[in-house]
Structures are given as structure tokens and as C-alpha cells.
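Me: I would like to learn how to read the empty spaces in a protein. Can we work through a case together?

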Amino acid sequence: MTQAPTRRPAAKQARQPNQQPTSAPESAPRRHVGVLIVGSGFAGLGAAIRLSQDGRDDYLVVERGSEVGGTWRDNTYPGAACDVPSHLYSYSFELNPRWSRSFSPQSEIQDYLRGVAAKYNIGDKHLFNTEVTLARWDAAANRWLVDTTGGEFSADVLVSAVGALCEPALPDIKGIESFQGEVFHSARWNHDADLAGKRVAVIGTGASAIQIVPAIADRVGHLDVYQRTAPWIMPRHDRDYPRAERLIYKYVPGAQRLAREAIYWGRESFVLGFAFQPKILLAAQRMATKHIAKQISDPQLRARVTPDWQIGCKRILISNDWYPALQKEHVDLVTDGIAEVRPNAIVTRDGTVREVDAIVVATGFHVTDSPTYELIHDAGGRSLASLWSVRGMQAYKGATVSGFPNMMFVIGPNTGLGHSSMVYMAESHINYVLSALDELRRHGIATFDVRDEALREYNAGLQSRMKQTIWTKGGCASWYLDAHGNNTTLWPSFTFTFRAMTRRFDLAAYRTTAKADRADRPLETVAEGVPA
Ligand code: N01
């Protein structure tokens, strides 16, 4: 049976205990909140906690899934684990001394997020199983009107925390819809599908596939791995944290923070190669080449798994069991492109027909063309998707877009990383959101809209820096680049510069209007941030 892998109707998600009802009566009036957060992954959950800590209770989180966790809730595929050490891949305000190993498995990260949500007691601030269907700016009322599957809302400020890796991308392969066996995306793993003894195909060799293949190889009858582009893979230096070490993290003041700092600065040093001097990465490429040589003896297979682009151009993957899995007797690496899918087989361009019972599509996500951007409309009804289809994804400091007042992203365009923790970037953006809310309150501001010239200048600087990065110069095609060839996804510098840049909301970059009760004040005075 074919399973639709892209979007799940929110209403079909299982309800968790203590969750709020998800559908409002047809006639229910629009509920107003100060801040509406969309999404409760690391970014949205973190924003919610910080708002609560700040004493701002006038907010609500709408989340299409049945619980917190975002991508860590959705990616339950076998072998799913983080490739950034958990001491760093966690909130700065909630270190976890109980991590079992350096690169935590998905279930442990999801448990951590559940635990954090419970500890900060913000469950009643969430509406789960609630999917946004439209968000439009009402210029007359100075607020966002947000329609969801769980009722209609209005908000002074809209915070989009949906993340970049939330909408699975399906491969556009002829005939795939006619396949009669199980077919599902890595991020929508069908746990009811029994793969034991079956002939299985995995399409893709990215970060997800290289975790899935070794995890299922011994379970299936036969495995075909379809590689379009070989990835660079480094050894995975993973280890268990013994009990004694965990006790040190728990009881010795500063020990875990020190470990976190060491990981942070070690990772930050990669930026020199990624963003400033790509030649530095050649040393890493030599290590990855040695990794291939050490794990594969067959020269032909070595050649087929060796990328023809420079390391770092796409995400550097880490695995100790990927190459061994490819060499198992019943596993075939297929590098001839896929021509079509038939009801029971995959046919490659050389005409070979390989029969399969199930297909796993590990083909990544809609990042630069996320359907979520179609749901956000400016006052004139123009969607963010339509604006960005012309000029590419752009947001001032990754957070705000001209023409979409009072809306902020937490980890928006050009905030992604290839080397370190996205939680750090999310926390930086949360600082920016909180600082913005402070400024609005302090100056009696009703609306803020980033000045077009500020956004243009910011983006021009960013794209100019992008020219010298490995992502531009490394000779690969990747999801980092949009249809215009611009890198609109990654942050091209150190993360501490991003942290510094987002520490304070820079009112001068915004056009603002005053609240009605402050309307006697000249707007530009407000805009320049002169204290009242
Ligand atoms: O997706 P990907 P992913 N026919 O886009 C191939 C994060 N992540 O889910 O390289 C055949 O990287 C495509 O081929 P090519 C992390 O940020 C983190 O694996 O485009 N093949 C590629 O091999 C990561 O970057 C962790 O030529 C097709 C693969 O599918 C991001 O998620 C773990 C195809 C897609 O790779 C996405 O990773 C997992 C087609 N039509 C993921 N279309 C951590 O550990 C695409 N491909 C934190």
C-alpha cells in the first residue's frame, strides 16, 4: 500500500493526555493573543519558555504535530541520531547531564524536549494537532489574522518557528505513484511496514540515508541503495558516557559547561575552512579519503563512493558503518540514475529492472521552496512564497521581511549551519524576538516593518561573503542553493557573530507606527528608537 509521505492531516494525529481540544466551533470568535508562535520544535519551544520566563504570558503556540519536538518528533527512522554532540545540541538554559553518549539518538533528544516542556510547564500554552492554513496581515487592525485547523486567531506579533527541514521532498521520478509496495519518506517512517526479509530500496545518500541503511541492512532480505551523488563521510567519534562521567556533569559545578564550551570552540574552528579559506578543508578531505581506503578494499567500489566535489560543499557526514553496510553480500550500491518506478520494481537508465517490495525515499526536504511560505500573506494578499520566488529567500538578520510587519522568524533564511548546533542559532534569534518585544513595549510601538534598504544592504553583504565559501566554490549542487543559484540557507560566518548581531533589536532598521494611545508622537521619533 502506498502511503502519502508529504503532509499529514493534522486532525489525524493521536491526542496526548493533557492536551487541549484541537477544533473550535465554527462560530467561535477569533481569539487574540500578543504573540502567536507557529511550531514547537527546538526553536518554538525555546521561544515559548523564554517568553514565559520573561513574564509574558500573552502568547500561544500552535503545533501541527501531537506533541513538541518538531523534526526530532517526526524523524523516527531506524538509526536516527544527531551528528552534533548533545552537550552542545541542547538549550544553554537546560543542560542535560544524563545524555547517554556523545551523539544522542533521536528518542533521547525527543525525551529531552518532552522533559523540558514538562519542567517549564508550558503545555497549556500549546495547541497541538493544529495546523496553520493561512496567516494574513490586517493593516487596518495592525495584527495578524491566523486561520488554523483548530480555530481562528489574531496576534500582534507572529513568530514562525517551523524550521527548514519540516516539509519532506519527494523525488520526481516517473511512475513512483504507481508503485504497489510500501513507499514512504525517511521523515515519515511507516513503523507498520514490516521490512523483515523484504527487498527494499533506499533512494538518496544524504545524512538520513547513511543512518538508515546500516540500521536496516541486517533486517531486510535485499537492499538496493540508489546514489545520485556520493557524499563525503568522516569517521564518527561517538562514545558512551560512563556513569562516572555523567555524575561529574551533574555534580561538579561548571564541568558540563566546560565540555560544552570545548565542543563549541572546536566546531567553530571549522568555519575558517567553510566560510573563509576553503583550502583548509583539504586536510579533512584527505581524512575522508583515508576513511574510504580503510573501510573499502575494492578499488571499483572506492571509486564509486568517492565524491567529485570538494569536501564541505554539502554537509559533511559522519559514519563508521555506512561503507561496511554497502559491502554486505545482500546490499547493492546502484549508481546508474533511476529512469522509472514500476508497480513492483525500479528501472535504472541502463535498463536494469530491480524488483522491490518497499521503497524508502530519503530525498531531503523542501527548504528553499517550503510550502509553508505559501500560507503567509502580506496586507495585499501576496504570499511570502510568491515574493521569494522572484528574489529568493531573504530576511533581515534571518528574522524579518519587508512588507510583512510584526512577523519574525526563529531560524529563518541564511541561519543554517554545516558545522555546529542549530539550537545555538535558535537561541540567538529568540534573544532578537525578546528584545523586539521589549522595544515595542518600551516605545509604545504598534507595528514594525524592516526597511527595504536595510534588508537589501544586509542581504547584499551576506551574499558577497557567500562568494568565498566552500558552498559556492566547492563544485557541487546542494539544497543550500536556491533556483537562482544563491545560498539562501546557511550562515556564512562564525556563530558568535550571529549571536552578537541578534543580541539587540535594532529599531533604526525598521519603519514603525505608534500605538493609538501614543499616536500623537512623531513616527520617525519612534522609528529611531528615541526613548519616550
Ligand atoms: O536529505 P539530503 P537528508 N533521485 O537532502 C538524493 C539534516 N539531518 O534527509 O546529493 C535520486 O541531505 C540526494 O542526491 P543529491 C541535515 O541538515 C541531520 O539526508 O542531491 N536521488 C541526496 O543523496 C541534512 O543536511 C541529521 O544528488 C535523489 C539525498 O537524496 C538534512 O537534514 C540527520 C533525488 C537527499 O539528501 C537533510 O538530510 C539527518 C532523486 N530524484 C538529517 N532527490 C543529524 O544527524 C534527492 N536525492 C543532525
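Reply: Yes. Keep in mind that this is a predicted model. Start with the second largest pocket: its lining takes at least three residues from domain 1 (31–167 + 396–514) and at least three from domain 2 (176–239 + 269–361).

Me: How is such a space found, and how much space lies in the second largest pocket?

Reply: Rolling a probe the size of a water molecule over the atoms shows where empty space is left. Here, the second largest pocket holds about 690 Å³ of space.

Me: How many residues line the second largest pocket, and which lie nearest its centre?

Reply: The lining has 32 residues. Nearest the centre are Asp83, Phe103, Arg267, Phe270 and Ile318. Three elements give two or more residues each to this lining: α6 (255–268), α7 (270–276) and α8 (282–295). The largest share, 5 residues, comes from α6.

Me: How does the lining of the second largest pocket divide into nonpolar, polar and charged residues?

Reply: Sort the residues by class. The lining has 19 nonpolar, 9 polar and 4 charged residues.

Me: Now the ligand. How many residues surround it, and which are the closest?

Reply: The ligand has 22 residues around it. Ala81, Thr205, Ser208, Thr229 and Lys314 are the closest. By class, this shell has 10 nonpolar, 8 polar and 4 charged residues.

Me: Why does the ligand lie between domain 1 and domain 2?

Reply: Look at who supplies the shell. Both domains give residues to it, so the ligand lies between them.

Me: Which atom of Lys314 is 2.7 Å from an oxygen atom of the ligand?

Reply: An N or O atom in the Lys314 side chain. Backbone atoms take part too. A polar backbone atom of Asp83 is 3.0 Å from a ligand oxygen. For Ala362, a backbone N or O atom lies 3.3 Å from a ligand oxygen. As for cover, the ligand has 910 Å² of accessible area on its own, and the protein covers 84% of that.

Methods
Residues numbered from 1 in each chain as written. Predicted model: local features only at pLDDT ≥ 70, side-chain atom pairs only at ≥ 80, totals over all residues. Heavy atoms only, no water. Near = heavy atom within 4 Å. Polar contact = N/O pair within 3.5 Å; in protein donor to acceptor, adjacent residues only side chain to side chain. Areas by Shrake-Rupley, 256 points an atom, 1.4 Å probe, with all protein chains shown as cover. Nonpolar A, V, L, I, M, F, W, Y, C, P; charged D, E, K, R; others polar. Domains from an automatic or database assignment. 1 Å grid on protein atoms, 1.4 Å probe; cavity = no way out; pocket = protein on both sides within 12 Å on 5 of 7 lines; lining within 4 Å. Points joined across faces, edges and corners; volume = space filled by probe spheres on them. Helix = DSSP H or I, 4+ residues; strand = E, 2+ residues; numbered from the N terminus.
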